[in-house]
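Dear colleague,

Please find below the structure that I am passing on to you. My notes on its side-chain contacts follow it, and I should be grateful if you would read them alongside the coordinates.

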Amino acid sequence: MAAENGEEKLIAVARHIAKTLGHNESMADDILQIFTNFDDRFSREKLADKLTTAGQEEDPRALDHTLKSLERQISQYVAADHPIWSDSADSSAFLDCVDELISTVRGLSVSSSSGAYLARAEDLLQQTMFRLEDEFRLLIERGGESFEPTRSYNNGNGELAEDNSNLLFDDSDEDDHDYSDNEIPVAQRLSNYDIIIDALPSGIINDLHEIAKRMVFSGSGKECSHVYSSFRREFLEESLSRLGLGKLSNEEVQKMQWQELEDEIDKWIKAANVSLRILFPSERRLCDRVFHRLGSVNDLSFMEVCRGAVVQILNFADAVAIGSRSPERLFKVLDLFETMRDLMPEFEFNFSDQYCLVLRNDALGIWKRLGEAIRGIFMELENLIRRDQAKAAVPHGGPHPITRYVMNYLRAACRSRESLEQVFEESVNVVPSKDSTLSSLSVQMAWIMELLETNLEVKAKIYGDPALCSVFLMNNGRYIVQKVKDSELGLLLGDDWIRKHTAKIKQYLSSYQRSSWNKLLVVLRADSSPVAANVGGKSMSMKDRIKAFNSQFEEIYKSQSQWIIFDEQLRNELRISLCNLVMPAYRNFIARFQNAPDVGRHADRYMKYTLEDIGTQINELFEGGKGSAGGRK
């Protein structure tokens, strides 16, 4: 009999434990299963029967008393016409009542015979949640109004520091602004991105957490999250506005003048950096504190707070990415691309949970579209080169405007070489290269250079004079090689490319000499008798030959002193080459001429130029008209 009483007492203890710890039927059932596995005496049927019987035997009078007491206490707070959290004693007492009510509702939920009491308790709980929601709203609004973000900030190492010198937003022009009571406070500017702003006072954050905990446990987490997200979302929207980032539609971005859009891009870069490096991490920290250990409500609330601001940031970048491919846009689009690239780790860090996956994917997609836009701009540059028709010759054979434009454009672009390498490594549309060691960007640059050279060769044909055609190609070739050698282009195209195109310039120089000076040299070098020579199929006397030389040299000087060799080194090299070519031949010719029988003592009468005159006038060529025609005076 004693053993039976002992077993009965043991079962009673187990039943009490299951009833106390089991907040719902599922939890109680799990506890019963644990007892059953522990000892055969704790049969599932015995414990379950006795537990159910105990639930059915709850004293209705005790339940009624408990509910009436809670109704009386809670109704006083629910009906209060002042904020409950204005007094710490009231808020503490109210939370105690809420805790007891929640416990009562949970206890009634496992009983099958307490339906009427459960309905009363749930109705009271709903009224309580309405009041808690109002108190939550009042607290978060009051906290935002009273808090001054310049007083403290978190330096990223968990340490608070004082700083009143740096501001997130420049309010220097708004010192006299009279903010209304309902205006949303905005975080102040800090020049260092490695900080976290405490957007609400610590005491209010703790109060918000206590309210949020009760609302979530009571099934009102969605309502609590909505109130929180609405207020913090407005804070972020106002912050972006203060940073200069407006809510622009795709169409509005497309219609902007380029100068205006450049300004908007600069504002976007600032706003994106501040948002991803300061504002969003600060909101993550605040959310983690308000909804600490409250499960998915934390992540959902954070996503709802930040989603609008993130979409606003991404939409602008996307509108630029799908916009015009005009080559002038390259540098600002590169700025956007590099900013997005640098911020991708921030997107990954700030939006790491499952609810923010779509935001991370959108950011990655828009970053890639910016890369596509950059490749598209280079394709448009190629088309611009192809479409640049040979309408009129450049005066004096100087560098063509398309040469200057393309080379300066590529030099400037290659200052962002690392970014362009990244963009073109993802492309499969670049022209294949025989040299597999070249990067995709190197291949792209070499292809543009080839298009430019082909275009210039077509333009050179406009010149009727083959010599001037060669000077034009020489000038443009020299300009191209110079721009390549002293920039990142040289590293991309390589030493072999530079050597090849330097050799091309020498070929143009040789072509110029042949087409311009060969006819004159034939006159000087005819090796027949000192009396007459056969020149161009005609027999010419020495007097005729000196006259022909004088005429041809004068004509060359008159035209080519107007031509331009823009590069001083190339100009000097060409003059030296011409002097070495012409002067020895002229010296030999003069010696023969002075000894010719039909000339005799009257040689000076026919010699318009001395040897020094020839050298002087050659050194006046290619100055664009700065020299003066002359000869013996």
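**Cysteines**

The sulfur of C306 has its closest cysteine sulfur in C356, at 7.1 Å, which is too far for a bond. Please bear in mind throughout that this is a predicted model. C306 is buried, its relative accessible area being 0%. C97 also counts as buried, at 5% relative accessibility. Across the whole structure, the search returns zero disulfides. The distance between C306 and C356 illustrates this, because a disulfide requires two cysteine sulfur atoms within 2.5 Å.

**Salt bridges**

The total for the structure is 36 salt bridges. Three of them are described here, with one network.

Helix 10, which covers residues 258-290, contributes to two of these contacts. Within it, K267 and E264 are three residues apart, or about one turn of the helix. Their side chains form a salt bridge with an N to O distance of 3.6 Å. How exposed or buried are the two partners, K267 and E264? K267 is partly exposed, at a relative accessible area of 35%, whereas E264 is buried, at 12%.

The second contact reaches beyond helix 10. D266 is bridged to K332, and 2.5 Å separates their closest N and O atoms. K332 belongs to helix 12 (residues 330-350) and D266 to helix 10, so this salt bridge ties together parts of the chain that are 66 residues apart in sequence. Here the lysine, K332, is buried, with a relative accessible area of 15%, while D266 is partly exposed, at 38% relative accessibility.

A further salt bridge joins D496 and R499, at 2.2 Å from N to O. Both residues lie in helix 19 (residues 495-525), where a spacing of three residues places them about one helical turn apart. D496 and R499 are both exposed. Elsewhere, D64, K68, E71 and R120 form one network through salt bridges that share partners.

**Aromatic rings**

The count of aromatic pairs is 18. For F589 and F593, the ring centres are 6.1 Å apart and the planes meet at 20°, so this pair is stacked. Why does that angle place the pair in the stacked class? The reason is that planes under 30 degrees apart count as stacked, and the angle between F589 and F593 is 20°. The two residues are four positions apart in helix 21 (residues 568-594), a separation of about one helical turn. F589 is buried, with a relative accessible area of 0%, and F593 is likewise buried, at 0% relative accessibility.

Ring pairs also connect W517, F549, F553, Y586 and Y609 into a cluster.

**Charges over rings**

Two arginine contacts with phenylalanine rings may be of use when you inspect the model. The charged end of R232 is positioned over the ring of F235, at 4.2 Å from the ring centre. In the other contact, R284 places its charged end over the ring of F302, 4.3 Å from the centre of that ring.

**Points to view**

When you open the model, you may wish to begin with the K332 to D266 salt bridge, which links helix 12 to helix 10. The stacked rings of F589 and F593 and the cluster that includes W517 and Y609 could follow.

With kind regards

Note on methods: Residues are numbered from 1 along each chain as its sequence is written. This is a predicted model: local features need pLDDT of at least 70, side-chain atom pairs count only at pLDDT 80 or more; totals for chains, interfaces and linings use all residues. Side-chain values use heavy atoms; hydrogens and water are left out. A salt bridge is a side-chain nitrogen of Lys or Arg within 4 Å of a carboxyl oxygen of Asp or Glu. Buried means under 20% relative accessible area, exposed over 50%, partly exposed in between (1.4 Å probe, protein chains only). Rings of Phe, Tyr and Trp (its six-membered ring) pair if their centres lie within 6.5 Å; planes under 30 degrees apart count as stacked, over 60 as edge-to-face and the rest as tilted. A charge sits over a ring if NZ of Lys or CZ of Arg is within 6 Å of the ring centre and within 35 degrees of the ring normal.
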